[in-house]
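Student: I'd like to learn how to read pockets and single residues in a protein model. Could we work through one together?

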Amino acid sequence: MGQILDIVPNHMCIESKENIWWMDILENGPASIYAGYFDIDWEPVKKELKDKILIPILGDQYGNVLERQELRLVFEKGRFSVLYYDKQFPVTPDTYINILKYRLESLEKILSSDNRHYIEFLSIIASIINLPRYTEKDPEKIAVRYRDKEIIKERLMKLADVSHEIRAFIAENVRIFNGVTGDGRSFGLLDELLSRQVFRLSFWRVATEEINYRRFFDINNLGAIKIEVPAVFKETHKLVMKFIEEGRITGLRVDHPDGLYDPSQYFEQLQYTCFLHLRRGFVRRLESELPASPGPDDLEAEITGQYNKILSSEPQYKPFYIVGEKILIKGERMPEEWPIFSTTGYVFLNTLNGIFVDTRNIKAFDDIYGRFIRARPNYHVIAYEKKKLIMQVSMSSEVNTLGHYLNGISEKNRHTRDFTLNSLTNALVEVIAFFPVYRTYINTYTVKDRDRQYIELAVTKAKRHDTVISGSIFDFIKDLLLLRFPDVFEDADKKEWLDFVMRFQQITGSIMAKGLEDTVFYVYNRLVSLNEVGGMPERFGISLETFHGQNIERIKFWPHALIASSTHDTKRSEDVRARINVLSEIPEEWKRHLATWSRINRKKKVVVDGRNVPDRNEEYFLYQTLIGIWPVAPMDGAGYETFLERIKSYMIKAVREAKLNTSWINQNAIYEEALVIFINAILNNNPENHFLKHFIPFQKKVSQYGMYNSLSQTLLRIASPGIPDFYQGTEFWDFSLVDPDNRMPVDYIMRKQTLQEIKERERTTGLLELSRDLTLNKENGMIKQYVIYKALNFRKAQRALFERGEYITLEVYGKRAGNVCAFARRFNGRNIIVAVPRFLTELVTNPEDPPFGNDVWRDSSIAVPFTESGVKYRNIFTGEIVNIEENNGTKRIQLSEMFRNSPVALMESIDEKAAE
């Protein structure tokens with residue numbers, strides 16, 4: 001078995017002192033040898049931050065934090081640091097002199113001017129005065145700084161160790177600098193010292209407008225690195241390449257490539273580097289057999305030559321299995337120039353989920369949702385507004401920086417220099433708000449048609465929507481983004497435009513993700529199973545034709561793409577979505593229950609500032625969530641309390657993400673407390689709770705149908721073109737929500753034990769009885785593990801068929817034609833048929849009854865026109881053999897035979913002799 005490693009090339013954690021690169025920057029500023037590793041603007045819009053880094057970490061205004069003594073100066077091992085609780089910030093050696101020279105005359109009185117320790121102390125001060133500043137740019141002087149600052153620390157440590165007087169002097173100065181609570185003047189020394197540091201500590205809310213290092217989205221403790229710099233790439237991939245060279249890693253999953261300056265260049269470099277280390281590892285394993293091994297430089301040159309030769313003859317060559325976590329919107333395709341094996345599976349996830357949403361009921365759900373929340377929300381308007389909101393409250397600093405960059409460019413041309421900074425920034429905001437995809441991928445002076453269309457669409461919509469901003473400004477932005485250079489441009493001008501475009505591209509992806517995934521998906525709640533990463537909630541389900549079409553396209557262009565149904569980033573697990581999808585089949589029932597629940601719970605709402613809490617949209621969201629995550633098994637007291645805490649934590653997170661009544665940045669504690677009171681009231685676990693009396697029977701019914709949806713999704717994921725990906729814990733029913741709820745510990749011991757039990761029962765009782773029994777007792781989740789176990793092992797045995805076999809859509813006949821998704825895979829004369837049910841509320845009145853046999857499937861059948869005479873099919877889950885029938889000249893298999901004793905069917909072709 002191989003191992004795929006998930007890597008994050010775009011950013012790293014910067015809040016810990018263990019990040020030596022970041023600590024070095026905080027100590028040495030632009031002079032740091034790592035200053036070019038991070039995406040830091042050393043000359044930001046806010047002039048006071050020139051050559052400094054804003055660190056928005058404080059829980060209150062700086063002055064209040066300082067005078068509460070939450071910032072403390074400390075001296076340890078010859079160096080000074082500032083502590084903020086468990087966070088440590090190095091004082092730049094340039095400013096040690098502030099501390100060491102303070103009250104110097106008192107030290108002279110204690111030791112005398114000719115004391116050798118005092119003379120050494122003065123010598124250290126002189127060394128600090130002569131130390132090259134942290135703003136130094138000259139490499140030679142920077143080298144001197146690095147040498148001398150460490151010598152200074154070493155000398156200071158030794159001196160403090162041998163001289164009690166100097167140690168006491170420094171300790172007293174540190175005490176004085178740390179001030180006295182209640183005496184505001186006493187903090188002047190520490191304030192002055194902090195003002196001279198590379199870092200500027202500030203209230204965390206300042207980050208939205210003034211932060212001058214690029215972050216991962218709006219997370220302050222994740223600093224973006226410049227992976228496009230060769231030294232940064234080499235250092236950050238050193239451990240990964242060691243694992244590849246040793247054969248411990250067989251694939252890479254690259255997180256968030258849209259945040260990179262140039263994703264295409266990154267993937268090209270990554271493939272080459274993987275190839276280099278693969279070959280190095282191979283050579284090292286053969287070293288004992290080789291008469292003479294080439295040296296490291298010769299070997300790298302030789303391997304590089306081999307790689308370039310292969311690429312020249314095979315431009316699409318991809319030596320290592322790499323997939324990228326790229327989110328595609330609507331009809332968007334993977335950038336074909338990326339040398340990877342496609343995405344991590346969100347397109348498949350949303351298409352798979354969509355075929356279990358009954359598209360026929362879109363109007364009914366629009367009406368139910370609109371009437372319940374007493375509004376008619378427009379998804380596209382909400383998406384536009386929330387992207388603008390993100391640019392105002394979460395990422396305004398990044399947008400302002402880009403606006404100033406654009407303003408600088410406009411000043412260089414007589415035709416655009418009259419455009420004001422505000423109008424340029426506002427126009428940029430409008431264009432980004434209307435951007436139809438996460439980002440474009442322009443990295444040369446040639447703009448692909450794909451990217452041109454997205455840019456033109458965004459600018460056209462922005463120009464049409466905002467009639468206040470001059471149309472010529474939008475035209476200028478469009479020309480810039482499309483690199484339509486004026487005739488007078490020199491190379492430097494062209495490079496500046498291209499750099500702006502590439503920085504613009506980095507921002508649009510983050511704003512799209514924060515605006516949609518982390519805001520809109522908690523606001524537009526018509527059917528929340530559709531609110532998924534890469535999803536399109538405005539589309540009420542997906543047709544079977546679309547599902548089959550994407551499978552055919554994948555096998556043609558991206559046969560080794562990951563295909564997933566749950567990941568660490570999904571908003572809801574696959575089993576939660578499978579339940580909520582059932583609601584799309586029964587709109588009238590859903591409508592009746594909503595009305596009942598709302599009436600029962602109306603008096604349990606708390607009024608805050610004249611508003612009922614929760615509001616009706618949040619209430620609608622909560623009911624769907626409860627249907628999705630309610631446990632199958634009965635809960636004891638402790639289990640129910642744990643469940644209740646999960647619900648409350650999740651709903652607080654959800655309303656903060658929605659950013660309507662509270663938010664992460666501006667938390668409304670009273671509103672959130674009122675929401676918790678409401679949840680406690682409606683979920684009060686006592687026999688007189690009328691809501692639970694009405695809710696639980698309906699939820700159980702939905703849950704029964706949802707489990708069949710989940711089994712169908714599971715088999716389709718295993719049998720569809722691509723590489724099936726399973727998230728931890730989903731071997732059984734998994735009713736988890738978004739992170740951190742989906743990061744709970746998984747009981748792998750129990751899973752191993754049940755798998756062994758399944759294997760033993762398969763051996764002793766046989767497939768048919770086992771499959772039927774597990775289906776009838778599906779609540780324990782073993783039926784899902786059984787489907788995974790049988791289907792994956794079959795896939796392993798028939799690897800070529802699943803990886804290279806044709807994908808053939810199968811036609812279904814009869815009244816149940818719309819209730820089945822069916823296709824075949826064929827390779828070298830070997831056939832399999834995959835068929836799964838959907839929309840079972842139409843077919844099975846009592847959800848406790850299994851969807852088996854003729855009473856359910858009647859006369860419906862699947863056409864198998866490619867099947868040769870004498871071939872039969874065996875269901876791998878039950879071992880049952882099914883005959884081919886001829887009807888009006890068409891070869892068919894009856895659905896009642898395929899689903900005689902199994903809720904899903906994977907049929908392998910066998911000849912008559914094997915059947916006997």
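Student: Let me start with the second largest pocket: how many nonpolar, polar and charged residues does its lining have?

Tutor: Happy to help, and keep in mind that this is a predicted model. By class, the lining of the second largest pocket holds 19 nonpolar, twelve polar and 16 charged residues.

Student: What is the general idea behind finding such a space?

Tutor: Rolling a probe the size of a water molecule over the atoms reveals where empty space remains. In this case, the second largest pocket comes out with a volume of about 1200 Å³. It is lined by 47 residues, and Asp218, Ile219, Lys514, Asp518 and Glu657 are the closest to its centre. Elements that give two or more residues to this lining include strand S9 (219-224), helix H16 (379-393) and helix H26 (637-658).

Student: Which element gives the most to the lining of the second largest pocket?

Tutor: That is H21, with four residues; this helix spans 491-517.

Student: And what volume does the largest pocket have?

Tutor: About 1900 Å³. Its lining consists of 36 residues, with Met1, Gly2, Pro724, Phe726 and Leu792 lying nearest the centre. Sorted by class, the lining of the largest pocket gives 15 nonpolar, eleven polar and ten charged residues.

Student: Where does the largest share of that lining come from?

Tutor: From H31, which supplies seven residues. Helix H31 covers 782-797, and strand S1 (4-7) and helix H29 (748-765) are among the other elements that each supply at least two residues.

Student: Let's zoom in on a residue of H31. Is Lys790 buried or exposed?

Tutor: Here you compare relative accessibility with a cut-off: under 20% means buried, over 50% means exposed. Lys790, found in helix H31, counts as buried because its relative accessibility is 15%.

Student: Which residues does Lys790 touch, leaving out those up to four places away in sequence?

Tutor: Lys790 touches Glu762, Leu767, Ile876 and Phe877. With Glu762 there is also a polar contact between the side chains, at 2.9 Å.

Student: For another case, why does Glu545 count as exposed?

Tutor: Glu545 has 61% relative accessibility, so it counts as exposed. You will find Glu545 in helix H22, residues 544-557.

Student: How many residues along the chain separate Glu545 and Thr809?

Tutor: They are 264 residues apart along the chain, while their C-alpha atoms are separated by 8.8 Å. When you read a model, it helps to look at both kinds of separation.

Key. Residues numbered from 1 in each chain as written. Predicted model: local features only at pLDDT ≥ 70, side-chain atom pairs only at ≥ 80, totals over all residues. Heavy atoms only, no water. 1 Å grid on protein atoms, 1.4 Å probe; cavity = no way out; pocket = protein on both sides within 12 Å on 5 of 7 lines; lining within 4 Å. Points joined across faces, edges and corners; volume = space filled by probe spheres on them. Nonpolar A, V, L, I, M, F, W, Y, C, P; charged D, E, K, R; others polar. Buried < 20%, exposed > 50% of the residue type's maximum accessible area, 1.4 Å probe, protein only. Polar contact = N/O pair within 3.5 Å; in protein donor to acceptor, adjacent residues only side chain to side chain. Contact = heavy atoms within 4.5 Å.
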